[in-house]
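These are my notes from going through one model, entry by entry, with the sequence and the coordinates open side by side.

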Amino acid sequence: GPGILTLGEAMGIFVADGIGTLESARGFTLGVAGAESNVAVGVARLGGAATWLGRIGPDAMGALIASRLRSFGVRTIAIPDDAFTGLMIRFQRSGQFIHADYHRSGSAGSRLTVADVPVAEIEAAGIVHVTGITTALSDTARAAVFHAVETARSAGVPVSVDVNYRSKLWSRFDAAPVLRDLVSRADVVFAGPDEAAIFVDSPDPVEGLAKLGPSEVVVKDGARGCVALIDGVRHEVPALPVTAVDPVGAGDAFVAGYLADRQTGAAALERLRTAIAAGAFAVTVPGDCEGLPTRADLAALSGGDINR
Ligand code: KDG
């Protein structure tokens, strides 16, 4: 059916078990990282249809990514590339500070091109979702994102953008015009208040983003919940109180919750509540995509099982 279609870079990630320096790590959990593939997994877990497209290398990690995304229920279009599959290494220095290193410059995923954009797939999609990360990876990846967005727009397919500014990939100065341009072409936009401040000059990030054009603006603000302006109506939903163990992936879970509910025709407030609940669930599980909830997980969360 007309599910969500997303494209970007998926990477292998080694997450140190436990808390402490990298040197003190006794072991690592191997996972799959990447904001777009996380959203695809999140939508699939919530019962929606999701397709992810990206380039993967000829190495074992590339094969692992494709097979794991498929096992999570994501329709995976893995385009083979000669370059290595990108990697990340992540450890929790303390209960509060997370360190992440990228090994992705020149990677297969960063070599996405306009020719990779599946025009027929996009025209048949329910929504196309992209993030600012891919626009920071290379000139060709950036062109691919804008081509996907324009293909969707011409076909009347809604476009969803998660700003996802990553300071290790580019400066706020370099990112500003690109992110602004991308958001101007979106129907649905997700951003944190700090991210919005990169390219909107407004004391109210929701208003500032809405002025650029999207009819659905969602400002996610972690433990403070979210504020949204959806089809002219303002909503505020507080975060759910949970015991956070790993905040990584919460933003993607939030987006997946919103988009999965949007695909089923749920009302704005319901989409936001699902988004908040999915984000809350994700922070209670270590890993980039391991904490993406199913509907049963969300029911358990609202039933209070989480605190038992
Ligand atoms: O949102 C989580 C992602 O940031 C993570 O999985 C890795 O895509 C990633 C990135 O570029 O930081």
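**Entry 1: Glu216.** I began with Glu216, which I found in strand β11, residues 216–220, bearing in mind throughout that this is a predicted model. Glu216 has a relative accessible area of 5% and is buried, since the cut-off for that label is under 20%. I then looked for a partner for its side chain and found a polar contact of 2.8 Å with the side chain of Arg262. Leaving aside neighbours within four places in sequence, I listed its contacts as Asp187, Val188, Val189, Leu229, Ile230, Asp231, Tyr258, Arg262 and Arg271. Two of these names, Asp231 and Tyr258, return in later entries.

**Entry 2: the aromatic pairs.** How many aromatic pairs does the structure hold? I noted two. In one of them, the ring centres of Phe190 and Phe254 are 6.4 Å apart and the planes stand at 85°, so I entered the pair as edge-to-face. Phe190 belongs to strand β10 (residues 188–191) and Phe254 to helix α9 (residues 250–263), so this pair ties together parts that lie 64 residues apart in sequence. In the other, Phe190 meets Tyr258, again edge-to-face, with 5.4 Å from centre to centre and 80° between the planes. Because Tyr258 lies in helix α9 while Phe190 lies in strand β10, this second pair ties together parts that are 68 residues apart in sequence. I recorded Phe190, Phe254 and Tyr258 as one aromatic cluster.

I also checked how far each ring residue is covered. Phe190 is buried at a relative accessible area of 0%, Tyr258 counts as buried at 0% relative accessibility, and Phe254 counts as buried at 5%.

**Entry 3: the ligand surroundings.** Which residues are around the ligand? I listed Met11, Ala33, Gly34, Ala35, Asn38, Met88, Tyr102, Arg104, Ile133, Arg166, Asp252 and Asp288. I then went through the polar distances: a polar side-chain atom of Tyr102 lies 2.6 Å from an oxygen atom of the ligand, and a polar backbone atom of Ala35 is 3.0 Å from a ligand oxygen. For Asn38, I found an N or O atom of the side chain 3.3 Å from an oxygen atom of the ligand. The ligand taken alone exposes 310 Å², of which the protein buries 92%.

**Entry 4: helix α1.** Ala35 and Asn38, both noted around the ligand, are also among the buried residues of α1, so I looked at this helix as a whole. Helix α1 spans residues 35–45 and is mostly covered, with 10 of its 11 residues buried. Among the buried ones I also noted Glu36, Ser37 and Val39. After α1 comes Gly47, with a positive phi near 100°.

**Entry 5: Arg104.** I placed Arg104 in the loop between β7 (98–103) and α3 (119–124), and at 6% relative accessibility I marked this arginine as buried. The charged end of Arg104 sits over the ring of Tyr102, at 4.5 Å from the ring centre. A polar contact of 2.9 Å also joins the side chains of Arg104 and Glu9. Not counting residues up to four places away in sequence, Arg104 touches Glu9, Met11, Phe84, Gly86, Leu87, Ser110, Ile133, Leu137 and Leu169.

**Entry 6: Arg142.** Is Arg142 buried, partly exposed or exposed? At 27% relative accessibility, I entered Arg142 as partly exposed; its place is in helix α5, residues 139–154. Leaving aside neighbours within four places in sequence, I found Arg142 in contact with Thr134, Thr135, Trp170 and Val178. The C-alpha atoms of Arg142 and Leu182 are separated by 10.0 Å, with their positions 40 residues apart along the chain.

**Entry 7: positive phi.** Most residues other than glycine have a negative phi, and with that in mind I looked up two residues. Asn164, which is not a glycine, has a positive phi of about 40°; I located Asn164 in the loop between β9 (159–162) and α6 (172–184), where it counts as buried at 5% relative accessibility. Asp231, likewise not a glycine, has a positive phi of about 50° and is found in the loop between β12 (226–230) and β13 (233–237). At 54% relative accessibility, Asp231 counts as exposed, and Asp231 is one of the contacts I had listed for Glu216.

Notes
Residues numbered from 1 in each chain as written. Predicted model: local features only at pLDDT ≥ 70, side-chain atom pairs only at ≥ 80, totals over all residues. Heavy atoms only, no water. Phe/Tyr/Trp six-rings, centres within 6.5 Å; stacked < 30°, edge-to-face > 60°. Helix = DSSP H or I, 4+ residues; strand = E, 2+ residues; numbered from the N terminus. Buried < 20%, exposed > 50% of the residue type's maximum accessible area, 1.4 Å probe, protein only. Lys NZ or Arg CZ within 6 Å of the ring centre and 35° of its normal. Near = heavy atom within 4 Å. Polar contact = N/O pair within 3.5 Å; in protein donor to acceptor, adjacent residues only side chain to side chain. Areas by Shrake-Rupley, 256 points an atom, 1.4 Å probe, with all protein chains shown as cover. Contact = heavy atoms within 4.5 Å.
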